[in-house]
Amino acid sequence: MWPNLRRPPPPKPGALRRRLYRRLGVALIVLLGLLGTLAWRYANTASERAFDHLLSASALTLAEGFRLEGNALRADVPPSAFAMLARLTDDRVFYRLLDDDGRTITGYPDLLPPPAPDARQDASEPQFVTTTYKDVPIRLVAVRRLLTQGERPRWAVTLVAQTLVQRQAQALEMGGYAVLGLLVLAGAAAAMIGLAVTEALRPIVDLKQVIADRDPRDFTPLRQPVPEEIQPLQRALNSLLARFESSLTETRTFLADATHQVRTPLASVITQTEVALRDATPAQQEQLQRILRNARSAARIADQLLTDATIGNRLELTPRTPLALARLCADVINDRLGGAGDTSLRLFISDDTSATAEILGDRGALADALRNLIDNALKYGPATGPVEINLHSDANHLNVTVRDYGPGIAPEDRPRVLRRFERGSSRLPADRLGGSGLGLAIVQRVVRGHGGQIDLLNADGGGLAVTLRFPHLPEGETQK
Ligand SMILES: Nc1ncnc2c1ncn2[C@@H]1O[C@H](COP(=O)(O)OP(=O)(O)OP(=O)(O)O)[C@@H](O)[C@H]1O
Ligand SMILES: [Mg+2]
C-alpha cells in the first residue's frame, strides 16, 4: 500500500483567527441563551410573587369579614380589602365569599369554584391558580378560614381573582431589563474576546512582519523576544534559515566551479585553434574555422546558461545601488567597440536629465542585459551596424532603447522570443545564427528584477528597437 500522501489543504489566511472567533462566539451564544432563559424566568417568578402577595393580602383582609351568626355564615366586605389591588388600574378584580356548602354569601356567584384544598399544605394557606373567567385569563387565590364561635365550626372560603394585564406587563418589563443587561454584557464580552484574540495572535503577526521586512540576504537567526509558546516556531524558523543558507552557499559554489570547469577547456580549444590557424594550409583552415565557430558557440551557450542560472540569485542577493544609466551604457559600448575607427555602436542621449539620471540597480546584471541586446543587434542586424543606443526619459521612467537596422521580429514572434530557449525565424547566414535562445529571457528577468519592463518594436525604417524602461530613482537616494 502506498502511504497516504494527501496533505491537508493549506489553511486560508486568517483561518486561525476565524476559528477562534467561531468557537468563542458559539460558547458565548450558548451561555447567553442559558443566562437569558434563567433571567427571564426569574423576572417572571419575581413579578408573579409580588402580585400574588397583593392578591393574598386582599383575600386575607376579606376573610376577616366573616362571622358566624348562630349556624349561619355572614360576611362584611371591608373596602380596605381592595385598596391595594385598586392601584393596579388596568386590571379587573372579582371576588366571591362562600360557605363550606358552596353557597355564595356575597360577590360574583359565577366566579369559579375554589380549587380543591391541597392535602400537602396547611388548609388555611392561600392557594393560587391561573385560569380563565369569562374568557379572560385570571389569577385566583382561595383563602379558607375556620370559624369556631358558632354551634359547630365552619369553613369560610374567600376567592379573589384578578386579570393579568399589569402582572404580564411587569414581567415583560423586568425580563426585558434583564435581557437588555445581558446583551450589554454580551457586547462587552465580544469586544473583550476580539481584544484577547488579537492580543494572543500578536506575537505571530509580529513574527510574520519581521520575516516579511527582512532583507532576502539576511540569514541570521530571528532574535526578537517572543512568548514561550511561540519559541518552538521561532527555533524551527531559525533552523530552516540556517539550512537554507548552507544549501544556497553550496549551490553558489557549485555554479562557480561549473563555470570554471566548462569555460577553461573551451577557452583553451579556442586559443589553440587560433594558433593552429596561423600555420594551417587553406584546406586545414576551413576545418579549423569550423572548429573555432563551434567552440565559440559552445562557449557562448555555456556563458548564457551560467548567466541564466545565476541571474536570479544575483538579483535577489546583490544590494541595489544608485547608478547613472548613461555612464553604464557608455562603459558597455566602449568595451564592445573594436577600436578608434569603429562606429558600429552609437550612443544618443536625448536630454540633460537622461544624461545624469540614476536608477537603483545592480551594475553587473544591467551590463549583462545591455550586452545581450547589443549582441543581438550586431548578430541579427547588418554586421557593421550601426546599432543605436538611445537614452531618454519621461515622467515615470528612464528608458534605454537599442535599435538596429536588421529584419526586426514579426509581431507574432515577439512574446515567444522572450521565453527561455525560444528563437526567432530571422533569415541570416548560417555562420551567424548560433545562439541558445536565452539572451532576451535574461534581459527580461533583469529588467523585471529592477521593477521595469521590456518592449519589442519594429522601428520605422526597419530594424528592431528594444526599449527597457526603469523607474526613476526614488526621492532622496543619490550616488554615494
Ligand atoms: N535584434 C534582433 N533582430 C532580429 N531578431 C532578433 C533580434 N534580437 C533577437 N532576435 C530574435 O529573437 C530570438 C531570441 O533572441 P535571444 O537573444 O533570446 O536568443 P539568441 O540570440 O538566439 O541566443 P543567445 O542566448 O546566444 O542570445 C533570436 O533567436 C532571434 O530570432
Ligand atoms: Mg541573443
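Start with the open sheet built from five strands in the order 9-11-12-14-13, where the pairing is mixed. Its edges are strand 9 and strand 13 (453-458), each of which pairs on one side only. Ignoring direction, neighbouring strands here are turned by 15 degrees against each other on average. Keep in mind that this is a predicted model.

Inside that sheet, strand 12 and strand 14 run antiparallel and are joined by seven bridges. If you want one pair to click on, take Arg403, whose bridge partner in strand 14 is Ala465.

There's another open sheet to look at, also made of five strands, this time in the order 4-3-7-6-5 and with antiparallel pairing. Strand 4 (104-107) and strand 5 (127-133) sit at its edges, each pairing on one side only. Neighbouring strands in this one are turned by 25 degrees against each other on average, again with direction ignored. Strand 5 pairs with strand 6 (residues 136-147) in the antiparallel sense, over seven bridges. Along that pairing, Thr131 stands opposite Ile138 in strand 6.

Here are the two sheets side by side.

| Strand order | Pairing | Edge strands | Average turn between neighbouring strands |
|---|---|---|---|
| 9-11-12-14-13 | mixed | strand 9 and strand 13 | 15 degrees |
| 4-3-7-6-5 | antiparallel | strand 4 and strand 5 | 25 degrees |

Now zoom out. The protein is divided into domain 1 (22-173), domain 2 (217-317) and domain 3 (320-480). Between the C-alpha centres of domain 1 and domain 2 you'll find 100 Å.

On to the packing. As a rule, nonpolar side chains in soluble globular proteins tend to be buried together. The largest nonpolar core in this model has 36 residues, and Ala369, Leu373, Ile374 and Val446 have the most contacts inside it. Each of the following supplies at least two residues of this core: helix 6 (325-336), strand 9 (345-349), helix 8 (363-380), strand 11 (387-393), strand 12 (397-403), helix 10 (439-449) and strand 14 (464-471). Helix 8 gives the most, with nine residues. Val446 makes a handy viewpoint: leaving out residues up to four places away in sequence, Val446 touches Ile311, Leu315, Ala365, Leu366, Asp368 and Ala369. A second core, separate from this one, has 21 residues, among them Tyr95, Val157, Val160 and Ala161.

Next, the ligand. Around ligand 1 there are 25 residues, of which Asn376, Arg423, Gly424, Gly435 and Gly439 come nearest. Helix 5 (282-317), helix 8 and helix 10 are the elements that give two or more residues to this shell. Which helix gives the most to the shell around ligand 1? That's helix 8, with five residues. So helix 8 leads in the shell and in the largest core.

Finally, a look at Arg420, which is placed in the loop between helix 9 (414-417) and helix 10. Is Arg420 buried, exposed or something in between? It counts as partly exposed because 13 other C-beta atoms lie within 10 Å, while a residue needs 20 or more to be buried and 12 or fewer to be exposed. Setting aside neighbours within four places in sequence, Arg420 is in contact with Gly437, Leu438 and Ala441. For a longer reach, try Ala276: it is 144 residues from Arg420 along the chain, and their C-alpha atoms are separated by 36 Å.

Notes: Residues are numbered from 1 along each chain as its sequence is written. Chains are lettered from A and ligands numbered from 1 in the order in which they are written. This is a predicted model: local features need pLDDT of at least 70, side-chain atom pairs count only at pLDDT 80 or more; totals for chains, interfaces and linings use all residues. Domain bounds come from an automatic or database domain assignment. A nonpolar core is a set of buried Ala, Val, Leu, Ile, Met, Phe, Trp, Tyr and Cys residues joined through C-beta atoms within 7 Å. Helices (H or I, at least four residues) and strands (E, at least two) are DSSP runs, numbered from the N terminus. Two residues are in contact if their C-beta atoms, placed from the backbone, lie within 7 Å. Two strands pair if DSSP finds at least two bridges between them. Axes are lines fitted to C-alpha atoms, for helices over the stretch in contact, and angles run from 0 to 180 degrees between N-to-C directions. A residue is near a molecule or strand if its C-beta atom, placed from the backbone, lies within 6 Å of it.
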